[in-house]
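This report covers one protein model. Its topics are aromatic contacts, strand pairing and internal cavities.

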Amino acid sequence: MYQVSVSISKQNENWLLPQEKLVAAVASCGGVYAGDTKYDRVYFNFACKLSSSCELKKAIKDYMSELYLTKAKKEYMRKNIKIKVEIFDILLSILVGFDRESEKELLDKILVIEDDFSIDGYFNFRLTELKTRWDEICSLARENAFFLSNRETMYELLRFLMSTIKPQVERITVKQKEDRFVVLATDDIAIARFDTAEELMLYFIETAPLEIRIIGDILPAEQRRILNCIFEDKLSAKYS
């Protein structure tokens, strides 16, 4: 029997991603999963047959890579940029997606899943090279804060940064139902729901779809303007 214990402090519990995919991947290789909380840490314990240990470690590694490059990266950059510009959350989300593919390649080389794996401990002491890259981006944002205060300059930068982000989905459709924004995949199956237009915009940025279709005039004027400026070539049916 092969076992892996993964833990994170409750202070950083917000880094965790939805665990459905990880649990499904563990189950697919005949593994089992159990969670527990002790003192100030949350523990996730995995076990499988020794012959399936490589598959289990790969599933955990994939999950950790996405965690570090999304939730952990966003929190790190939010703490280190600290500039006051319009639509800061949108700028931050785009910067989080920037250079993600090369960062994945780096993590694939340096990320090793050990039998007793501390998510935040590994982040603090073993991912120095990755954080150095993020520090450079944060420094550039701070140094150019004056230029980013200009709306047109900001939009130009956002369009460029979005063009460098690899799309996560091909096409999505958005409609409003019962005062919520419902995101539909190409097969018209709902894949996400949001209460606010701001949350919806951040979802667009995080997934970088190749095509966006909005059903009806459902977005407030500000979000509509941002969408037109950043995703102008991806809106296949504007507010139809």
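## Aromatic contacts

Phe194 and Tyr203 are both buried. The model that shows this is a predicted one.

A pair of aromatic rings is described by the distance of the centres and the angle of the planes. The structure holds 11 aromatic pairs. Phe194 and Tyr203 form one of them, and the pair is tilted. Their ring centres lie 5.2 Å apart, with 50° between the planes. An angle under 30 degrees would count as stacked and one over 60 as edge-to-face, so this pair falls in the tilted class.

Ring pairs also build a cluster. Its members are Trp15, Tyr68, Tyr76, Phe123 and Trp134. Phe123 has a charged partner as well: Lys131 lies over the face of its ring, 4.9 Å from the ring centre.

## Strand β3 and its partners

Strand β3 spans residues 41-48. It is mostly covered, with six of its eight residues buried.

Two strands pair with β3 in the antiparallel sense: β1 and β2. Strand β1, residues 2-9, joins β3 over eight bridges. Within that pairing, Val6 has Phe44 as its bridge partner. Strand β2, residues 32-38, is joined to β3 by seven bridges. Here Tyr33 is matched with Phe46.

β2 and β3 form a hairpin with two residues between the strands. Tyr39 takes a positive phi there, near 55°.

## The largest cavity

The structure holds two cavities of 30 Å³ or more. The largest has a volume of about 50 Å³. Its lining consists of Val6, Leu16, Gln19, Leu22, Phe44, Phe46, Tyr63, Met64 and Ile119.

Which elements each supply at least two residues of this lining? They are β3 and helix α2, residues 53-81. The bridge partners Val6 and Phe44 both appear in the lining. Phe46, the bridge partner of Tyr33, lines this cavity too. By class, the lining has eight nonpolar residues, one polar and no charged.

## The second largest cavity

The second largest cavity encloses about 40 Å³ of space. Glu86, Ile87, Leu148, Ser149, Asn150, Arg151, Met154 and Tyr155 line this cavity.

Helix α8, residues 151-163, gives the largest share of the lining, three residues. The classes here are four nonpolar, two polar and two charged. The lining of the largest cavity, by contrast, has no charged residues.

Methods: Residues are numbered from 1 along each chain as its sequence is written. This is a predicted model: local features need pLDDT of at least 70, side-chain atom pairs count only at pLDDT 80 or more; totals for chains, interfaces and linings use all residues. Side-chain values use heavy atoms; hydrogens and water are left out. Rings of Phe, Tyr and Trp (its six-membered ring) pair if their centres lie within 6.5 Å; planes under 30 degrees apart count as stacked, over 60 as edge-to-face and the rest as tilted. Buried means under 20% relative accessible area, exposed over 50%, partly exposed in between (1.4 Å probe, protein chains only). A charge sits over a ring if NZ of Lys or CZ of Arg is within 6 Å of the ring centre and within 35 degrees of the ring normal. On a 1 Å grid over the protein atoms alone, a cavity is a set of points where a 1.4 Å probe fits but cannot get out, and a pocket is an open set with protein on both sides within 12 Å along at least five of seven lines; lining residues have an atom within 4 Å of a point. Grid points are joined across faces, edges and corners, and a volume is the space filled by probe spheres set on the points. Helices (H or I, at least four residues) and strands (E, at least two) are DSSP runs, numbered from the N terminus. Ala, Val, Leu, Ile, Met, Phe, Trp, Tyr, Cys and Pro count as nonpolar, Asp, Glu, Lys and Arg as charged, and the others, Gly among them, as polar. Two strands pair if DSSP finds at least two bridges between them.
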